[in-house]
Amino acid sequence: MDVGKVRVTMRLFQNSGLYPSYLPRLNQLAAKASSFDARRDVFLHDRFGAAHFLKPVLDGAAEAFFTNGDDEVLQRQWAREQGMKEAPTLEAILLAQIEHHRTEVFYNLDPVRYPSAFVAKLPGCVKKTLCWRAAPSGNADLTAYGAVLGNFPSILEAWRSKGCRAELFFPAIDPVMEQYGHGERPIDVAFVGGYSRHHSARGSTLEQVAALAADRKIVFCLDASRLTRLAESAVGRLLPLRKHRRPDVIARIARLPLFGRDLYELFGSAKIVLNGAIDMAGNDRGNMRCFEAMGCGSLLVSDAGNYPEAMQDGVTMRTYDAPERAAEAISRSLQDWPQWAGIAASGRSRVQETYSKASQWVQFIDLVARIEPC
């Protein structure tokens, strides 16, 4: 399968998975979607995870098929429409979709759910297999995939040590982001992400920055755990759950998490987006939030580390070297906002140029051409 042929005729199947906290939003948005295509189109229109979705998927190319293999409502809609009998497993439905599509290249964003044992069951039409995994994954076996993709070199090296071929690959800026962030930015600092007692460095950073809320407009949209929500309820405060409660300075300003276009809208309304990596990536940096923040034109303020090209401290974004320095970096940026607004604009331009959907697709084609057939 040479590059020229792949560019024109590759039958691509991209599988993804839903973030549990996002599912209620999807169910609400897709309440009137009565078919597989309708529910999938609602999901793709909302853009959740779009940085990882390849250009043919977002363009609606006839050769490309996309699904969320763990979305039971979506997958069972497809099974009913195809006349599958009984109540097939989600794995059986996914395999049937791949065969029905006559997939040549299978790209899986949810490989821990569908590891090497699943790859072994793929129909013969599949010639190449790739998966994305940018996190440690316990004992997950991904050795049957032609390549494991990710943008954290240290994690890729860990996959190589387990016998996988691992290749550097990056998220891309969603073209829809260009619709956001061209007016006033009334929010001084926004943060969207998880918060738990396991995120010690991030928690310390958030606590320091939340203290700025007395003088600045700070918006934290936090995906708290079930135990945290219980611990902060009226009933929970009577129970021995103190360690699960967030500090008062954070809890006072915490809002529900945001996803998809609502996240783009928030970042397009914020001068600064705060990011803090969690421990799993070591010193590597460049998680999804970095791409989303810069793609919507916010100034990314994030912890120091090894960032991808186009993310340069003082040139396209700003870093802090310790949690207690984050609030200081933010305050100084806001005090000299015209200068840092210019840096944010440079950052937006650079990431759009460096991590476009077109360049991501070209890189994917090159990877497909270089990996071994099944």
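Trainee: Which ring does R40 lie over, at 5.1 Å from its centre?

Mentor: The test is geometric: NZ of Lys or CZ of Arg must be within 6 Å of the ring centre and within 35 degrees of the ring normal. R40 lies over a ring face at 5.1 Å from the centre. The ring belongs to F65.

Trainee: What kind of model is this?

Mentor: Residues are numbered from 1 along each chain as its sequence is written, and side-chain values use heavy atoms, with hydrogens and water left out. Local features need pLDDT of at least 70, side-chain atom pairs count only at pLDDT 80 or more, and totals for chains, interfaces and linings use all residues, for this is a predicted model.

Trainee: Which residue lies over the face of W159?

Mentor: Here the ring is that of W159. The distance to the ring centre is 5.1 Å. The residue over the face is K162.

Trainee: Which strands stand at the edges of the sheet β2-β1-β3-β4-β5-β6?

Mentor: Strands are DSSP E runs of at least two residues, helices are H or I runs of at least four, and both are numbered from the N terminus. Two strands pair if DSSP finds at least two bridges between them. This open sheet has six strands in parallel pairing. Those that pair on one side only are β2 (64-68) and β6 (166-168).

Trainee: What is the bridge partner of Q14 in β2?

Mentor: Strand β1 (residues 12-16) runs parallel to β2, and five bridges join the two. The partner of Q14 in β2 is F66.

Trainee: At what angle does helix α6 run to β1?

Mentor: Axes are lines fitted to C-alpha atoms, for helices over the stretch in contact, and angles run from 0 to 180 degrees between N-to-C directions. Helix α6 (residues 90-101) lies across β1, β2 and β3 (105-108). Its angle to β1 is about 160 degrees.

Trainee: And at what angle does helix α8 run to β6?

Mentor: Helix α8 spans residues 153-161 and lies across β5 (147-150) and β6. The angle to β6 is about 165 degrees.

Trainee: Why are β9 and β12 each left with one side without a neighbour in the sheet?

Mentor: The strand order is β9-β8-β7-β10-β11-β12, an open sheet with parallel pairing. β9 (254-255) and β12 stand at its edges, so each of them has a single partner strand.

Trainee: Which residue stands opposite A254 in β9?

Mentor: β8 and β9 run parallel, joined by two bridges. The residue facing A254 is F220.

Trainee: Which strands does helix α14 lie across?

Mentor: Helix α14 covers residues 323-335 and runs at about 150 degrees to β12. Helix α15 (residues 337-354) also packs on the sheet, at about 90 degrees to β11. The strands that α14 lies across are β7, β10, β11 and β12.

Trainee: How many of the nine residues of helix α12 are buried?

Mentor: Buried means under 20% relative accessible area, exposed over 50%, and partly exposed in between, with a 1.4 Å probe and protein chains only. Contact means heavy atoms within 4.5 Å, and the cover over α12 includes α2 (23-29), α3 (36-46) and β7 (187-195). Among the buried residues are L263, Y264 and F267. In α12 (residues 260-268) the buried count is seven.

Trainee: How far apart are the C-alpha atoms of V315 and I98?

Mentor: V315 lies in the loop between β11 (299-303) and β12 (318-320). Its relative accessible area is 42%, so V315 is partly exposed. I98 is 217 residues away along the chain, and the C-alpha separation is 45 Å.

Trainee: How many disulfides does the structure hold?

Mentor: A disulfide needs two cysteine sulfur atoms within 2.5 Å. The sulfur of C374 is 9.7 Å from its closest cysteine sulfur, in C125, so that pair is too far apart for a bond. C374 is exposed at 64% relative accessibility, while C290 is buried at 0%. The number of disulfides is zero.

Trainee: How many residues apart in sequence are the parts tied together by Y107 and F169?

Mentor: Rings of Phe, Tyr and Trp (its six-membered ring) pair if their centres lie within 6.5 Å; planes under 30 degrees apart are stacked, over 60 edge-to-face, the rest tilted. Y107 and F169 are edge-to-face, at 6.4 Å and 85 degrees. Both are buried. Y107 is in β3 and F169 in the loop between β6 and β7, so the pair links parts separated in sequence by 62 residues.

Trainee: Which helix holds both W361 and F364?

Mentor: These two rings are stacked, 5.7 Å centre to centre with 15 degrees between the planes. W361 and F364 are both buried. They are three residues apart, about one turn, in helix α16.
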